[in-house]
Structures are given as C-alpha cells and as structure tokens.
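Me: I should like a close look at one part of this model, beginning from a single loop position and working outward through its surroundings. Please keep the account connected.

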Amino acid sequence: MLNTLRHRLLARIEDRIGLATLAAAIVLFTAHGAFAHEYKAGDLEIAHPWVRMTPGGAKVGGGYVTIENHGTAPDRLVAVTSDVADHVEIHQMSEKDGVMTMRMIEGGVEVPANGKLALSPGGYHLMMIGLKQPLKQGERIKGTLTFEKAGTVAVEFAVEGMGGPKGQAPDSAMPGHDMHNMPSN
Ligand SMILES: [Cu+2]
C-alpha cells in the first residue's frame, strides 16, 4: 500500500517537473544520442541500455533497454543494479482513469521466447533510486541486468539527453509522464 502511495506521489511529482522541463527537452532533443551499444547473454540480445540525464540534485533517474530473446524458452529480467544508485526497481507506468501511475513490478518481467521486452518511456522502465551523482549526458554508467536463465550481465547505461536516444520517439505524446527528475529540495 505504502509503495503504491509513494509511486502515485512520485508519478505526480514527475508529471509536474516533467511539464516544467518540457521546453528544455524540446531544445535538447536535437542533440545526438550516444552510439548504440549492445550485449549478448545466451539467447538474449541486450540493446542500448540508457538512462535519462538528470538535473543536479535529482535523486531518481529513469532507465531503459530493449532485450530480444532468440531462444525458444522465455526468460525473465529479475534484478538490476547500477553503480550510481542505491537500488534499481522495475516499474510499470500506466494510465487509469486519466491518472498516470507507476507501480513497482515484483518478481521481474518476462522476456518472451522469440520475442522482445522493451523498457521504454511511458511503459516498463527502470527506476534508479538514491542517485549518488547527477547523470550527465554522454557519460556511461556501469550496472548489471540479472536474468532468471541467462544469469547476470554487466552492462553500461549510456546517459542520454532529455529526448532519449536518436531515433527513439520523443515523449511529446505524454509530456513529462516518464520523467524521473526529482529535485531534492
Ligand atoms: Cu518509475
């Protein structure tokens, strides 16, 4: 219950901050993203893990990645870590009765057999909680993704601008709804 309330609150704050930073986001959107990078683990292909840059003082950051499963058995993303965060949660953003809410996913998310799991703005995403430093565009953040079958994979998250990687749809359809920029004051 507490978690739900906390996330509701976070979503609302994100929404406000997001609207405030939208103007900046539009300007920054033309900035080029970091080069695409990817990792392999068994049947899994992990494409371009990235996090959104954060303004100084932000304690929470949003992370995204696409995982393709070329195998005939499903796998499951069960845990994520990041060097710059206290812990990382898997969240799902959804809209109910016109209100955006986020909930923490317990037990991980399936990567379907011969399919893919996309963590992207507005849907499933990673939430890096307790950031120890601001995430600066162009930097790389070390972390790990742990899968039920493929095990733990060391990855680097590219820090992207407000608009996300080049080629990724901008968030203008849902302004600010996936923002995780919470000032500490
Ligand atoms: Cu979230």
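How many other C-beta atoms lie within 10 Å of alanine 58, and is this residue buried or exposed?

Reply: Alanine 58 is buried, because 21 other C-beta atoms lie within 10 Å of its own, and 20 are enough for a residue to be classed as buried. The model is a predicted one. Alanine 58 does not belong to a strand; its place is the loop between E2 and E3. A residue distant in sequence lies across from this loop: leucine 131 is 73 residues away along the chain, yet the two C-alpha atoms are 7.1 Å apart.

A second loop position offers a parallel. Valine 84 sits between E4 and E5. Valine 84 is also buried, because 21 other C-beta atoms are found within 10 Å. Its contacts, leaving out residues up to four places away in sequence, are Met128, Leu131, Lys132, Gln133 and Ile141. Leucine 131, already met opposite alanine 58, is thus one of the residues that valine 84 touches. Lysine 142 lies 58 residues from valine 84 along the chain, with a C-alpha separation of 7.9 Å.

Methionine 128 leads from these loops into the interior. The largest nonpolar core holds 33 residues, and Leu126 and Met128 have the most contacts inside it. At least two core residues come from each of the strands E2 (44–52), E3 (60–69), E4 (75–82), E5, E8 (115–119), E9 (124–131), E10 (140–147) and E11 (151–160). In soluble globular proteins, nonpolar side chains tend to be buried together. The contacts of methionine 128, again without residues up to four places away in sequence, are Val51, Val60, Gly61, Gly63, Ser82, Val84, Ala85 and Val88.

The strands around this core can be followed through their pairing. E4 pairs with E10 in the antiparallel sense over five bridges, and with E7 (residues 109–111), likewise antiparallel, over three. Leucine 77 takes part in both pairings: its bridge partner in E10 is phenylalanine 147, and its partner in E7 is valine 109. E5 (residues 85–96) and E6 (residues 99–104) run antiparallel and are joined by six bridges; histidine 91, for example, has methionine 104 as its partner in E6. These two strands form a hairpin with two residues between them, and aspartate 97 in the turn has a positive phi of about 55°.

Most residues other than glycine have a negative phi. Besides aspartate 97, two further residues with positive phi deserve attention. Histidine 48, in strand E2, has a phi near 45°; it counts as buried because it has 21 C-beta neighbours inside 10 Å. Asparagine 114, in the loop between E7 and E8, has a phi near 50°; it counts as exposed because it has 12 C-beta neighbours inside 10 Å.

Threonine 152, in strand E11, falls into the intermediate class: with 13 C-beta neighbours inside 10 Å, it counts as partly exposed. Beyond its neighbours within four places in sequence, threonine 152 is in contact with Thr144 and Thr146. Valine 80 is 72 residues from threonine 152 in sequence, and their C-alpha atoms are 9.0 Å apart.

These local details can be set against the whole chain. The protein has one helix and eleven strands, and the helix precedes the strands in the order of elements from the N terminus. Of its 185 residues, 35% are buried. Where contacts join residues at least 6 apart in sequence, 75% of them join residues at least 24 apart.

Confidence varies along the chain. The average pLDDT is 80, and 71% of the residues score at least 70. Among the elements, E4 has the highest mean pLDDT, 98, and helix H1 (residues 2–28) the lowest, 51. Over residues 19–34 the pLDDT stays under 50, and the model has 24 contacts beyond four places in sequence for this stretch. Residues 169–185 also have a pLDDT below 50, with 52 contacts in the model beyond near neighbours in sequence. Where pLDDT is low, the predicted coordinates should not be read in detail.

How values were computed
Residues numbered from 1 in each chain as written. Pairing = 2+ DSSP bridges. Helix = DSSP H or I, 4+ residues; strand = E, 2+ residues; numbered from the N terminus. Core = buried A, V, L, I, M, F, W, Y, C linked by C-beta atoms within 7 Å. Contact = placed C-beta atoms within 7 Å. pLDDT = per-residue confidence, 0-100.
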